[in-house]
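Biologist: Please take a close look at the sheet in this model. I would like to know what it is built from and what packs on it.

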Amino acid sequence: MKVVGRIVLVLFVLVIVLFVVSRFMPSRYAVERTAVIAASPDTLYQRLATVRTWDRWSAWNSRRDPSIAYVYEGPETGAGGAMRWTSRKMGNGRLEVTSAEPAREVDYQLRMEGSDFVAHGRITLAPGPGGTRVTWRDDGDLGSNALYRLMGPLMDKMLGTAFEQSLSGLRADTKQG
């Protein structure tokens, strides 16, 4: 019985320590990746501003989770275009294009269902040598949720890897036409 009591005490102390540590972690995160893609800003803009094409090239697609199902809302392209998804692996959520400036940038807001997590994203396009420089940035507020704050330092690796995969997928998609 003493062993069980010690295990409970250790777990309790661990939870308290993690909670206290989380209070000192930043409440905001930002992740950014850049790639040069051999395509025009206009071509890339059409793929980025049209959420119906994201399944073809983004890291969050049916190849990663065959159970994912999308429902599209709003205009075909540009501000107001949105997609909702349900997914066993990736969870359920909604992404909406909040503003779009042709051949320059696409801003979006992503919300995960069942949480207060909101990400604000911006993908900018700039012509340059060898094609278009595409910069993808996400930032958000982790709030006061201890678990989210503890995950904050991992966001750059987790989200950054997905951005790199998505930019690679966008590169491949533009080559296919």
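Modeller: The sheet comes first below, then the helices on it, then the core. The model is predicted, so local features need pLDDT of at least 70 and side-chain atom pairs pLDDT 80 or more, while totals for chains, interfaces and linings use all residues. Residues are numbered from 1 along each chain as its sequence is written, and side-chain values use heavy atoms, without hydrogens or water.

The open sheet has seven strands in the order E1-E7-E6-E5-E4-E3-E2, with antiparallel pairing. Strands (E, at least two residues) and helices (H or I, at least four) are DSSP runs numbered from the N terminus, and two strands pair if DSSP finds at least two bridges between them. At the edges, E1 (28-37) and E2 (69-73) each pair on one side only. Neighbouring strands are turned by 20 degrees against each other on average, direction ignored. Ten antiparallel bridges join E1 to E7 (residues 131-141); Ile 37 has Thr 132 in E7 as its bridge partner.

Helix H2 (residues 41-49) packs on the sheet and touches E1, E4, E5, E6 and E7, contact meaning heavy atoms within 4.5 Å. The direction of H2 makes about 165 degrees with that of E6; axes are lines fitted to C-alpha atoms, for helices over the stretch in contact, and angles run from 0 to 180 degrees between N-to-C directions. Helix H5 lies across E1, E5 and E7, at about 25 degrees to E1.

Trp 54 touches residues including Arg 47, Met 83, Leu 95, Tyr 108 and Trp 136.

How values were computed. Lists of a residue's contacts leave out its neighbours within four places in sequence.
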